[in-house]
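Visitor: I am new to this structure and would love a close look at a single part of it. Could you take me through it slowly?

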Amino acid sequence: MKVLDASWYMPDEQRNPIQEYQVAHIPGALFFDVDGIADQATNLPHMLPSEEAFAAAVSALGVENKDGLVVYDGKGIFSAARVWWMFRVFGHEKVWVLDGGLPRWRASGYDVESSASGDAILKASAASEAIEKVYQGQTVGPITYQTKFQPHLVWTLEQVKSNIEDRTHQHIDARSKARFDGAAPEPRKGIKSGHVPGSKCIPFAQLLDSSQTLLPADELKKRFDQEGISMESPVVTSCGTGVTACILALGLHRLGKSDVAVYDGSWTEWGANPETPVDSS
């Protein structure tokens with residue numbers, strides 16, 4: 001069993017996850033850099049890397065296919081859900097999210113450790129370097145991790161566009177109601193306001209309690225029922241940049257729905273494209 005600290009914060013929070021990791025983390029945890037272990041060939045934030053790049057990065061981290069993985073973050077349930085989804089996209093099934101994350105761990109009186117230097121920091125740097133080398137076409141150290149890509153778990157802009165007409169999947173947006181309605185401006189410049197036509201809004205925070213822990217199954221079910229989401233039909237989720245959409249996927253996973261797709265580019269890609277249709281309420 002390996003533990004991964006996958007903390008990541010919104011730019012406006014001005015929190016540095018690697019610094020916070022050095023100050024306090026679950027003993028033995030490795031640091032997984034959400035922005036570093038990402039597609040280097042796009043200007044969209046922290047997009048899913050290629051299979052080769054992901055394999056190179058997690059090999060450098062020391063993660064093996066046989067490992068059980070527990071992922072946590074510094075907020076409770078936030079970016080850990082993204083990393084849980086990433087591993088599942090690449091075929092790793094033995095992966096869990098620590099419910100309530102580091103805050104709940106500390107509140108329960110468990111130990112944390114600090115490391116100003118040390119092995120895990122070197123491994124995190126090695127993982128980022130390995131990814132950069134793959135995208136620059138350079139040779140990387142030994143790749144020991146084998147990926148097995150699961151295309152049904154990740155959607156592209158084209159698939160979301162087709163779904164507006166075809167309606168094969170129920171599309172749920174995890175952003176705030178104000179952003180979904182087009183009443184609040186997008187935090188990133190040059191991005192339209194509103195939502196994908198036909199999508200429904202379930203802000204990710206509505207799946208969590210006050211301690212940032214995932215709600216029990218019966219309460220989660222109520223939230224999805226209120227928006228008319230059927231557990232019998234397929235679902236695709238989206239958000240601002242593909243992080244909190246994974247919290248919706250995690251909530252649905254708790255309800256036994258394990259095949260939820262995430263639109264990786266999410267609103268940052270959709271809202272920046274002059275050709276995409278947008279609704280606002």
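Visitor: How many nonpolar, polar and charged residues are in the lining of the largest pocket?

Guide: Happy to help! This is a predicted model, where local features need pLDDT of at least 70, side-chain atom pairs count only at pLDDT 80 or more, and totals for chains, interfaces and linings use all residues. Residues are numbered from 1 along each chain as its sequence is written, and side-chain values use heavy atoms, with hydrogens and water left out.

Now to your question: the lining of the largest pocket has 11 nonpolar, 6 polar and 5 charged residues. Here Ala, Val, Leu, Ile, Met, Phe, Trp, Tyr, Cys and Pro count as nonpolar, Asp, Glu, Lys and Arg as charged, and the others, Gly among them, as polar. The volume of this pocket is about 270 Å³. In all, 22 residues line the largest pocket, and those closest to its centre are M10, F78, R179, F204 and T244. A pocket is found on a 1 Å grid over the protein atoms alone, as an open set of points where a 1.4 Å probe fits, with protein on both sides within 12 Å along at least five of seven lines; lining residues have an atom within 4 Å of a point. Grid points are joined across faces, edges and corners, and the volume is the space filled by probe spheres set on the points.

Let us turn to the loop between β1 (2–5) and α1 (17–23), where S7 is found. Helices (H or I, at least four residues) and strands (E, at least two) are DSSP runs, numbered from the N terminus. S7 counts as buried because its relative accessibility is 6%; buried means under 20% relative accessible area, exposed over 50%, and partly exposed in between (1.4 Å probe, protein chains only). The side chains of S7 and D5 are joined by a polar contact of 2.7 Å. Such a contact is a pair of N or O atoms within 3.5 Å; within protein, one must be able to donate a hydrogen and the other to accept it, and residues adjacent in sequence count only if both atoms are side-chain atoms. A polar atom of the S7 side chain also lies 2.9 Å from the backbone nitrogen of G74. Leaving aside residues up to four places away in sequence, S7 touches P17, F31, Y72, D73, G74 and S79, where contact means heavy atoms within 4.5 Å.

Q14 has its place in the loop between β1 and α1 too. Q14 counts as exposed, because its relative accessibility is 75%. Its phi is near 50°, a positive value in a residue other than glycine.
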